[in-house]
Amino acid sequence: MTAQQPSASGLPEHARVVIIGGGIIGCSTAYHLAKRGWKDVVLLERARLTSGTTWHAAGLIEAGGFFSETSVDITKYTLELYRTLEDETGLATGYKNVGMLVVASTPDRVEEYRRIAAFDTFFGALMEEIPPQKVRELWPLAATDDILAGFYSPADGRVNPIDVTMSLAKGARMRGVQIFEHTPVTGFKIEGRDVTAVHTTRGTIRCDVVVNCAGMWARQIGAMAGVQVPLQPTEHYYLVTEPIEGVHPNLPVLVDLDKYAYYREEVGGILFGIFEPVSAPWALDGVPQDFVFGQIKPNWERMMPYLEEAMKRIPVLENAGVHKFFCGPESFTPDLEPMMGLAPELDNFYVAAGFNSLGILMGGGAGRVMAQWITDGVPEVDVTEIDIARTLPFENTPKYLRDRAVEVLGYMFEVGYPNRQFQTARPARKSAFHDRLAKAGAYFSVYAGWESPDWFAPPGVEPRVDYSWGRQNWFEYAAAEHRAVRENVGLLDYSVMGKILVQGRDAERVLNRICANNVAVPVGRVVYTQWLNETGTIEADLTVTRLAEDRYLILTSDGTTRAVEAWLRRHTPPEAHLGFTNITSAYSVLSIQGPNSRALLSKVTSADMSNEAFPYLTMQEIDIGYALVLALRVTYVGELGWELYIPTEFSLHVFDTLVEAGEEFGLKFFGLQALNTLRLEKAYRDYGGDIDNADTPLEAGLSRFVKFDKPGGFIGREALLRRKEAGLEYRLVQFLLEDPQPLLHYGEIIYRDGVPVGYIRAGGYGHTLGAAVGVGAVENHEGPATPDFIKNGSYEIGIAGVCYPAKASLRPFYDPNLSRVRC
């Protein structure tokens with residue numbers, strides 16, 4: 001039979017791609033795959049198209065409203081697609097360009113949206129600040145006495161969720177996609193790391209690629225293939241009133257984040273939905289297969305306080321007749337980012353699910369991103385926040401999902417302070433040093449589940465955060481930690497580092513092909529390197545240490561460990577004599593940094609810690625007390641220092657030994673806030689922060705770590721050479737404000753000679769440099785972004801509507817010659 005010939009069941013025997021799930025995401029992925037020429041595509045829907053959560057969505061669409069380049073790219077495309085889709089397919093989408101209006105009733109909310117408005121407008125998603133009287137003109141029924149400002153996006157609006165999905169499905173069918181309803185998936189045939197067939201109630205389809213777009217069933221579908229898809233269905237409510245005088249179809253969508261509510265017209269009445277701060281997870285034992293166009297019995301008692309508060313924004317609601325009080329499930333992820341991309345467990349199983357009640361709003365762009373990712377093998381946009389490989393298995397446990405789900409709805413509507421932390425499902429992972437650090441006054445943030453010290457409160461001060469956009473209550477505490485590392489010596493719990501042991505006689509050959517830098521080095525050398533894909537963009541940013549002729553230690557951030565493992569596995573030839581093991585939990589890590597780090601360590605070890613005996617970027621096994629530890633002379637703060645990799649059972653012994661010896665030197669604990677400001681002064685890069693998978697080492701200023709002439713080359717070499725020859729469109733630049741008062745966080749717009757040319761990707765306060773410091777990409781719209789182009793501009797940084805002069809540099813402002821690191 002040919003690929004598209006049906007079997008006796010009516011299903012084709014083979015398809016290039018099988019998509020599971022007929023909601024907005026599945027239909028959009030099918031549509032976009034077909035648009036890219038992949039027509040041998042089958043979509044399987046367990047019941048009927050849209051019958052999961054798509055059908056009851058509110059249908060809001062906006063081009064902006066996000067503080068992420070990838071999110072704005074996705075939503076902008078989605079809006080434009082929905083606007084024009086009817087012209088292509090002949091099926092209406094219900095698109096209405098009514099605009100969207102966000103109201104702000106606190107100073108912090110105003111600042112947040114001034115930042116978002118500038119960011120979104122930079123990317124072409126216009127959002128304008130308007131005064132309260134203009135809010136009243138746009139929404140006459142709204143109470144505006146407490147409103148400080150509104151933020152209006154005239155291009156936004158709404159669609160009919162069922163109609164737009166059906167239009168996408170028709171567009172997919174027009175290009176050859178086959179869609180089968182009432183075809184539940186029952187399992188998979190897996191050979192090695194590939195799914196080779198999909199089993200359904202109607203038969204089996206052989207396939208080359210599987211895409212799990214099963215919405216709130218995606219976790220259950222993933223489990224059939226051994227793939228972790230952490231998401232949890234949660235109750236979501238909206239109320240629809242009877243018709244109200246003064247309500248008309250052209251009213252903008254109104255969003256009041258401080259009341260956790262959104263409002264829009266619905267058949268002459270008002271539909272308003274709630275994202276309550278304490279939400280209710282649903283279907284803890286799994287979503288029933290027979291839940292079709294289903295609803296959940298509303299809990300009036302639980303929701304009434306939130307409804308009453310939301311009604312205060314539109315007072316007429318208090319006396320309006322209730323047409324429908326609706327409760328339906330939406331799936332939410334633990335970090336409120338979608339689950340997209342190639343699952344790390346398998347080599348041809350993709351996931352696109354967990355859109356946190358934003359499936360319609362992101363559906364068009366998400367389908368485009370998935371189709372491009374599948375067909376080209378490499379995503380074009382930054383996916384570090386949405387790649388499913390960021391997740392860890394513990395996040396998929398029922399208790400973790402249940403505990404986190406209570407917080408996620410309301411979290412979406414709260415002010416997005418740059419250091420905001422989830423409070424639920426904690427603590428999950430604690431280092432061996434946790435209790436001692438807690439006793440020392442640590443305020444813990446959470447990263448990849450780890451409870452990591454963010455900063456330390458002085459004696460007698462409770463470690464808590466008073467959130468604001470300005471200097472928060474811990475600012476001076478972190479400044480003292482920063483100065484201690486610069487001037488003396490500090491200790492950081494760095495156990496969050498992911499650790500992968502690579503062993504085998506082919507370890508050097510395989511790793512040297514994967515690494516852009518040269519890892520064919522003597523035993524004991526530490527190599528900083530990037531891993532690139534065939535297009536030359538960065539897949540990983542890490543260090544590789546040679547432990548022996550046939551053994552290497554890879555160190556990466558724990559949030560990228562699974563992605564690094566998957567990349568290593570996929571790029572190890574089948575015949576290679578090589579194995580690797582995640583040994584993250586086998587070692588605790590302490591980072592000792594600062595000018596007095598050598599003197600301190602010399603007090604507790606018999607090893608010679610001198611520069612001659614222990615040079616920069618080398619590793620030795622040294623003794624500390626009774627323990628043998630791996631000491632790496634590396635730094636992420638720009639000072640003399642070592643990272644100590646300690647067998648877990650010796651962790652507290654080594655910690656106590658160091659702390660006792662450190663009393664003589666005034667050893668000070670420091671946390672991640674100080675780590676960030678220290679590394680920003682030195683312009684050290686952070687993968688997933690100021691560099692990502694859409695950058696190459698050339699734009700990132702890391703070309704000195706790329707060895708183009710090493711024997712055998714490396715993955716991405718030819719693409720990188722082509723980009724180098726063509727000239728760079730942008731470069732990563734370090735900025736230092738001239739005014740010592742403002743702060744940089746993220747997303748502030750960079751102006752060169754008055755023209756917007758980029759945004760700050762990461763910012764903090766340079767306590768040594770005396771002002772805020774940040775890193776951002778500067779683009780030349782008229783040619784290559786040469787060093788001269790960067791140096792010859794005059795720069796300002798826009799912060800919440802105010803521009804501040806800034807200095808720009810392609811070299812670190814702090815210690816550009818590495819004299820403090822190499823001493």
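**Cavities, a pocket and helix packing**

The second largest cavity has a volume of about 40 Å³, where a cavity is a set of points, on a 1 Å grid over the protein atoms alone, at which a 1.4 Å probe fits but cannot get out, and a volume is the space filled by probe spheres set on the points, which are joined across faces, edges and corners. The structure is a predicted model, in which local features need pLDDT of at least 70 and side-chain atom pairs count only at pLDDT 80 or more, while totals for chains, interfaces and linings use all residues. Residues are numbered from 1 along each chain as its sequence is written, and side-chain values use heavy atoms, with hydrogens and water left out.

Around the second largest cavity stand Gln232, Phe332, Thr333, Pro334, Leu401, Arg404, Ala405 and Val408, lining residues being those with an atom within 4 Å of a point. Helix H9 (residues 398-413) gives the largest share of this lining, 4 residues; helices (H or I, at least four residues) and strands (E, at least two) are DSSP runs numbered from the N terminus. Sorted by class, the lining of the second largest cavity has 5 nonpolar, 2 polar and 1 charged residues, with Ala, Val, Leu, Ile, Met, Phe, Trp, Tyr, Cys and Pro counted as nonpolar, Asp, Glu, Lys and Arg as charged, and the others, Gly among them, as polar.

A search of the whole structure finds 2 cavities of 30 Å³ or more, and the largest cavity has a volume of about 70 Å³. Its lining is made of Met216, Arg219, Gln220, Leu231, Gln232, Pro233, Ala283, Leu284, Gly286 and Val287, with at least two residues supplied by each of helix H6 (218-224) and S12. Of the residues lining the largest cavity, 6 are nonpolar, 3 polar and 1 charged. Gln232 thus appears in the lining of the largest cavity and also in that of the second largest cavity.

From enclosed spaces we turn to an open one, a pocket, which is an open set of points with protein on both sides within 12 Å along at least five of seven lines. The second largest pocket holds about 410 Å³ of space. It is lined by 24 residues, and those closest to its centre are Tyr238, Arg264, Glu266, Val267 and Leu271. Two or more lining residues come from each of helix H5 (161-174), strand S12 (232-241), strand S14 (261-266) and strand S16 (322-332). By class, the lining of the second largest pocket has 12 nonpolar, 6 polar and 6 charged residues.

Helix H5, which contributes to that pocket, also packs against other helices. H1 and H5 pack at an angle of about 30 degrees with their axes 8 Å apart, the axes being lines fitted to C-alpha atoms over the stretch in contact, and the angles running from 0 to 180 degrees between N-to-C directions. That angle makes H1 roughly parallel to H5, since angles under 35 degrees count as roughly parallel, over 145 as roughly antiparallel, 65 to 115 as roughly perpendicular and the rest as oblique. H1 passes H5 in a left-handed crossing, meaning that the near helix is turned anticlockwise from the far one by less than a right angle, whereas a clockwise turn gives a right-handed crossing. In this contact (heavy atoms within 4.5 Å), Ile24, Cys27, Ser28, Ala30, Tyr31 and Ala34 of H1 meet Val164, Thr165, Leu168, Ala169, Gly171 and Ala172 of H5. The contact of H1 with H5 has 9 nonpolar, 3 polar and no charged residues.

Helix H2 (residues 69-89) also packs against H5, at an angle of about 50 degrees and with the axes 10 Å apart, which makes H2 oblique to H5. The crossing of H2 past H5 is left-handed, and the contact joins Leu81, Tyr82, Leu85, Glu88 and Thr89 of H2 to Val164, Ser167, Leu168, Lys170, Gly171 and Met174 of H5. These residues divide into 6 nonpolar, 3 polar and 2 charged.

On helix H1 (residues 24-35) there is a further contact, with helix H8 (residues 359-376), at an angle of about 40 degrees and with the axes 8 Å apart, which makes H1 oblique to H8. The crossing of H1 and H8 is right-handed. On the side of H1, the contact includes Ile24, Ser28 and His32, and on the side of H8 it includes Gly363, Gly367 and Arg368. In full, the contact of H1 with H8 has 8 nonpolar, 8 polar and 1 charged residues.

The walk ends in a loop. Most residues other than glycine have a negative phi, and most peptide bonds are trans. In the loop between H9 and strand S19 (429-430) lies Pro427, joined to Arg426 by a cis peptide bond with omega of about -5 degrees. Ala425 lies in the loop between H9 and S19 as well, and its phi is near 55 degrees, a positive value in a residue other than glycine.
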